[in-house]
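Student: I have a structure open in my viewer and would like to learn how to read it. Could you go through it with me?

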Amino acid sequence: MTSTDVLDVRAKARRAVRRRRTAYITYLILGMLLFFVIWEWFASSISPLLFLMDDPQTFMPRPWNTITHFVQNFLFSEGLQSRYITQACPDLASERIADIPDICFGYVLHLAETTKNILIGAALGTILGLSMGLGSLVFPKIAEVVTPVASFFGTAPIFIAAPFFVIWFGIEIPLLTTIGLITFYTTLLMYFFSRRAAENIPVGIVESALTLGGTPRSIFRWVYLRGTVPEIAGGFRIALAGAWGLGALVEVLGPQLGGGFLIRIWSFLMGTFGAAEALVSLTVFLGVLAVVVDGLLVLGIRFITRWSESGRRLGL
Amino acid sequence: MNKSLHPSLFWIGWLVWFLAAPWLLLLLPDSIPLVTWTAQEDVLFVTWAFLILWAMLFWVWPFVLRFAGSVRMLARIGRGFRNAPRRLLNAMRNNPLFFVTWAVLLVGWQVVSIVAPEGTLEHPLVPGWDYVFGDTLYRMSGDWLLNNIEILFLEVRFEELAPYPGLGGDRTWPAVFLALSFHSFMTLSRLLVGLAIGLAVGIATGLAIPYWPVLRQTAWAPMNFLRMIPLLAAIPWLQFGLGANFRGAVAFIAFGVWVTLVVATMNSVANVPDRFIESARTLGASRPYTYFKVIVPGSMPELRTALLLSAGLGWSLTIAAEFLGFPTGLGHMASIAVQETNTARLVIVAFVVACYSLLTFYMLNQMFNKLVSWMPQRAAGTTDISKVAGAAGAARAGIVQEA
Amino acid sequence: MSRVVTFENLWCVFEHRSGQLVNALQDVNFDVQSGEFVCVVGRSGHGKTTLLRVLAGLQPPTAGQVRLGDDVVTGPGADRAMVFQQDTVFPWLHVRENVEFGLRAMKAPDSERKEITNHWLEAVGLTDFADSWPRELSGGMRKRVALASAMAVGSDVILMDEPFGSLDYFTRRNLHDVLLDLWEESKKTIFFVTHDIEEALILADRVILLAEGKLVDDIPVTLPRPRDEDIRAGAESVQITKVILQHLGITEEEATKV
């Protein structure tokens, strides 16, 4: 083969690579388009939901209406203000309604509140769960005490814990209701994830560390603490993904603030104009928030676990 | 005969038998002393004797069709009872901390209940165990509300079983039992039907989608997005649309389970090692043959976590949906507790729910173990932390001694 | 002997993770006669496995083609069964079901399938384990299952990608004997990829040497069979070893130092 042939071969290979990348993006866009087409179908007069309900069209908003509703109410919601129902600035509650800034009636502050509480809860829970899980490596007695209790609470559907928090903290300390439940839930999950991550560290590595003169302290620090990071990071993603629904639901039950509270308000107004759009857009946007936060998390995990093949895969 | 009967026929037959048994009982004359129901026209008045006989007939099916197996099972249960005290003692000796922990927790709760301020509410915020399993449990007889149900052309009335405290009747312990059974039945029927549909359709869809690469690549983004949408937050909306009825609840639970499982199944299909697929292809297997004989079984082991996760989600969805808008079910009982700010009642409901969900997880796990019996037992080479931690300690001690 | 496999101007270019293009195979040309035992030898990462995967139809070439008889290879098929380096015995099928996998895929009649399966199970010495799960077998036994599975589909060409690489020395020697018996009995064409020169000298009629994706030498091995220790210590054998080492960039002096 002559040298021009070689160039030809390499160009062919490059074209194939490019084609694969284009296909990936094309299918991604195609998939999301399909998502909206199917949604539109569900909201249309030939909706398959007809088999399940009498009137799918008032219940299932069209995608475009949902998006516009969300955009229009994001900074200021006329629907909520005109009913003087909710405002996200509790300090201004006693003042005249005209004096309250518009943004206090928008969705944005409520959603930010939800995000903040969920992230605080997840962070607290992770700290607690990890210190118990990894601490039990150093002091096995911790595991003997915590594991039976944690596995009992872990098997119960976590939602059943929510009413306890609502009764105990309820309306007086709304922050503790959401943060408390998320912390509780994340602690349980992270405890088990960290234990499992430690169990999955190959015996050979630990034994090799022992023969290199490792002390319990150094093995804990340089083998367990470092080696469990990819799996723990993956576990954290799972825990956080579950936390969104839980956090929003607690807000539906108790606190007077947050995205879940908005959902409760709109569900009382169900049947009025815009209520279905509001409920769907809030739920879907919580999903978008979850995806965005998860995406940021993936970037972070990818950096921390850049040494690890499985970490890379988890991050993808 | 036992061998020739296909397992699925056995289980389906048992279900049919369970539903048909009450009709069989109706054929008995109502004059014999034990069976004192009265069936007038199309109305059947149910008695305790009727329920007990029904329960007994229920067990006739496995006992006749799998006699040897049933006897073995009974023997095992008997042995279990006989050995229980000894095993408990052994467990206490081997793992005392387990018992100490629980004892401390239970006693600690009781102490807190005494120390904690009464509060201005009707019920204590931290109720003692006597309050929980005494007064509160007894008051749950008020939840016994089921008066009659209509099945096809037959109306079944329950008023002879126990008085209805809700209608001004006396509180009785049988009513407590009936109330808990009834609400459990409602919850479990919603959950199990929804879970069964969601599992079946979810795994089927998850296995079908990756068969066509174009479909898989297209479905990837929307399915992953759907999975991230917090379904728990969608309950108020779905309740409005689907209505607070059995059909709506089942559809909702099935949808949640379906979303979780489709994504999980697609992932586990993607994670089947390439070498198995390539090996099958070089052995001359066609694409469909490889798919059904290699990819489908190869993707099963990874589904365990997904199954348990989706069961957990199913439980949460059921309880939350009942909490927010159903007039029956364990979730509804929990919502009454919140309305009354009655922690004691909540403790009972939570305890019952925890027991059921433990049972569901156990059964799913057992079923799954049967499905993947070919799997190697947990691969060697994993760390038993306690041993390693001990070994590290021992190594240091050894060094110290030598020095 | 007729020509069964032809490699023509074969190129294979991969994209590295960093985005660089790597030539896994560069203009490979050679052909193989029916019934030959060909060993492909080279350092790891120098294109041996790629060559085999292209022949198996698992990897499309970037340029050039592989022909089987007169047909161009376009995908995997039962006419080129392959034994892999990793464990590819299906853990969810019993040993017998594993061996008859290809026959079932071809919808062979029951009686014929049973007969062939029993024959190959016996040939690899696993008759007693026919109803075991793979997890109950040792690594060497699982390799025998893989070997029997490949043999049972009845292809004329068998591809083997460092199949015994993960086994210990004694098991490997044992499996060499099994393989040579099977080969002599069936007279199939065998492609055997290995980095072990000794293994190549025990097995091969012919050694194909690959370096940096290029075919650098094609050495006939005419040592008499069975090749016991004396033959492999003989002058001819040592000469071949020297040639191979030179081509692989390891001179004799270097080799002894290592």
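Tutor: Gladly; we will take chain B, then two packed helices, a hairpin and the contacts between chains. Keep in mind that this is a predicted model.

Student: What scores does the predictor give the complex?

Tutor: The complex gets an ipTM of 0.86 and a pTM of 0.84 from the predictor. For chain C, the mean pLDDT is 88, and 95% of its residues reach 70 or more.

Student: How many helices and strands does chain B have?

Tutor: Chain B has 15 helices and four strands. It has 403 residues, of which 34% count as buried. If you take the contacts in chain B with a separation of 6 or more, 67% of them are between residues 24 or more positions apart.

Student: How should I describe two helices that pack together?

Tutor: Two packed helices are described by the angle between their axes and the distance between the axes. Here, look at helix H6 (residues 173–208) and helix H9 (residues 246–270) of chain B: they pack at an angle of about 35°, and their axes are 6 Å apart.

Student: Is the crossing of H6(B) and H9(B) left-handed or right-handed?

Tutor: H6(B) and H9(B) make a right-handed crossing. In their contact you will find 20 nonpolar residues, seven polar and one charged.

Student: Now the hairpin. Do S3(B) and S4(B) run parallel or antiparallel?

Tutor: Strand S3 (residues 148–151) and strand S4 (residues 154–157) of chain B run antiparallel, joined by four bridges. To follow the pairing, find Glu150(B), which has Glu155(B) of S4(B) opposite. Between the strands of this hairpin there are two residues, and Leu152(B) takes a positive phi near 50° in the hairpin.

Student: What about contacts between chains? How many residues does each of chains A and B bring to their contact?

Tutor: Chain A brings 64 residues and chain B brings 59. On the side of chain A, the largest share comes from helix H13 (residues 275–304), with nine residues. That side of chain A divides into 49 nonpolar, ten polar and five charged residues.

Student: And how many residues of chain C are in contact with chain A?

Tutor: Eight residues of chain C are in contact with seven of chain A. Strands S1 (3–15) and S2 (21–33) of chain C each supply at least two residues to that side of chain C, and S1(C) gives the largest share, four residues. By type, the side of chain C that touches chain A has four nonpolar, two polar and two charged residues.

Terms used
Residues numbered from 1 in each chain as written. Chains lettered and ligands numbered in written order. Predicted model: local features only at pLDDT ≥ 70, side-chain atom pairs only at ≥ 80, totals over all residues. Pairing = 2+ DSSP bridges. Contact = placed C-beta atoms within 7 Å. Nonpolar A, V, L, I, M, F, W, Y, C, P; charged D, E, K, R; others polar. Axes fitted to C-alpha atoms, helices over the stretch in contact; angles between N-to-C directions. Left-handed = near helix turned anticlockwise from the far one by under 90°. pLDDT = per-residue confidence, 0-100. Buried ≥ 20, exposed ≤ 12 C-beta atoms within 10 Å, placed from the backbone.
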